[in-house]
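Visitor: I would like to learn how to read the pockets, the surface and the charge pairs of a model such as this one. Could we look at it together?

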Amino acid sequence: MTVSLPLVVILGFFAWGAVKFLGVRTWIVVVIAFFGFWLSQTFMAPAIESGTRSGVDIINGSHD
């Protein structure tokens with residue numbers, strides 16, 4: 001059986017776990033999320049997206 005989860009769901013679990021178990025303050029998670037939204041509007045967005053896709057492909061083992 002193959003289960004497919006969007007990356008944002010996995011990152012959401014990590015953020016929840018960091019707040020719940022590591023004592024990371026919620027406002028820090030919010031600031032990092034806003035930084036990500038801001039960064040997605042810059043010239044670095046294509047490089048970040050391709051790097052993320054490459055990393056996910058490596059983890060999944062699917063090489064096209």
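Guide: Let us begin with the largest pocket, which is lined by 19 residues, those nearest its centre being Leu7, Glu49, Thr52, Arg53 and Val56. Please keep in mind throughout that this is a predicted model.

Visitor: How is such empty space found, and which elements give two or more residues to the lining of the largest pocket?

Guide: The general idea is that a probe the size of a water molecule, rolled over the atoms, shows where empty space is left. In this structure, the elements that give two or more residues to the lining of the largest pocket are helix H1 (7-21), helix H2 (26-39) and helix H3 (45-60). H3 gives the most, with nine residues, and the space in this pocket comes to about 560 Å³.

Visitor: How do the residues of that lining divide into nonpolar, polar and charged?

Guide: Eleven residues of the lining of the largest pocket are nonpolar, six are polar and two are charged.

Visitor: What is the volume of the second largest pocket, and which residues line it?

Guide: The second largest pocket has a volume of about 360 Å³, and its lining is made by Val8, Leu11, Gly12, Ala15, Ala18, Val24, Ile28, Val29, Ile32, Ala33, Gly36 and Phe37. Here the elements that give two or more residues are H1 and H2, and H2 gives the most, with six residues. The lining of this second pocket divides into ten nonpolar residues and two polar ones, with no charged residue.

Visitor: Gly36 is in that list; where is Gly36 found, and is it buried or exposed, or partly exposed?

Guide: Gly36 is found in helix H2 and is partly exposed, since its relative accessible area is 36%. As a guide to distance, the C-alpha atoms of Gly36 and Phe14, which are 22 residues apart along the chain, are separated by 15 Å.

Visitor: Turning to the surface, which residues make the nonpolar surface patch?

Guide: The patch, of about 840 Å², is made by Leu5, Leu7, Val8, Val9, Ile10, Leu11, Phe13, Phe14 and Val56, and its largest share, seven residues, comes from H1. Phe14, one of the patch residues, lies in helix H1 and counts as exposed because its relative accessibility is 60%, which is over the 50% cut-off.

Visitor: How should I read a charge pair, and how many salt bridges does the count come to?

Guide: In general, side chains of opposite charge can pair when their charged atoms come close. The count here comes to one salt bridge, formed by Arg53 with Glu49, whose closest N and O atoms are 3.1 Å apart. Both residues lie in helix H3, four residues apart, about one turn of the helix. Arg53 is exposed, with a relative accessible area of 55%, whereas Glu49 is partly exposed, with a relative accessible area of 43%. Both partners also belong to the residues that lie nearest the centre of the largest pocket.

Visitor: Where is the place of Gln41, and is Gln41 buried or exposed?

Guide: Gln41 sits in the loop between H2 and H3, and it counts as exposed because its relative accessibility is 68%. The C-alpha atoms of Gln41 and Gly51, ten residues apart along the chain, are separated by 16 Å.

Notes
Residues numbered from 1 in each chain as written. Predicted model: local features only at pLDDT ≥ 70, side-chain atom pairs only at ≥ 80, totals over all residues. Heavy atoms only, no water. 1 Å grid on protein atoms, 1.4 Å probe; cavity = no way out; pocket = protein on both sides within 12 Å on 5 of 7 lines; lining within 4 Å. Points joined across faces, edges and corners; volume = space filled by probe spheres on them. Nonpolar A, V, L, I, M, F, W, Y, C, P; charged D, E, K, R; others polar. Patch = residues over 30% accessible without salt bridge, like charges linked within 9 Å, V, L, I, M, F, W, Y side chains within 5 Å. Areas by Shrake-Rupley, 256 points an atom, 1.4 Å probe, with all protein chains shown as cover. Salt bridge = Lys/Arg side-chain N within 4 Å of Asp/Glu carboxyl O. Buried < 20%, exposed > 50% of the residue type's maximum accessible area, 1.4 Å probe, protein only.
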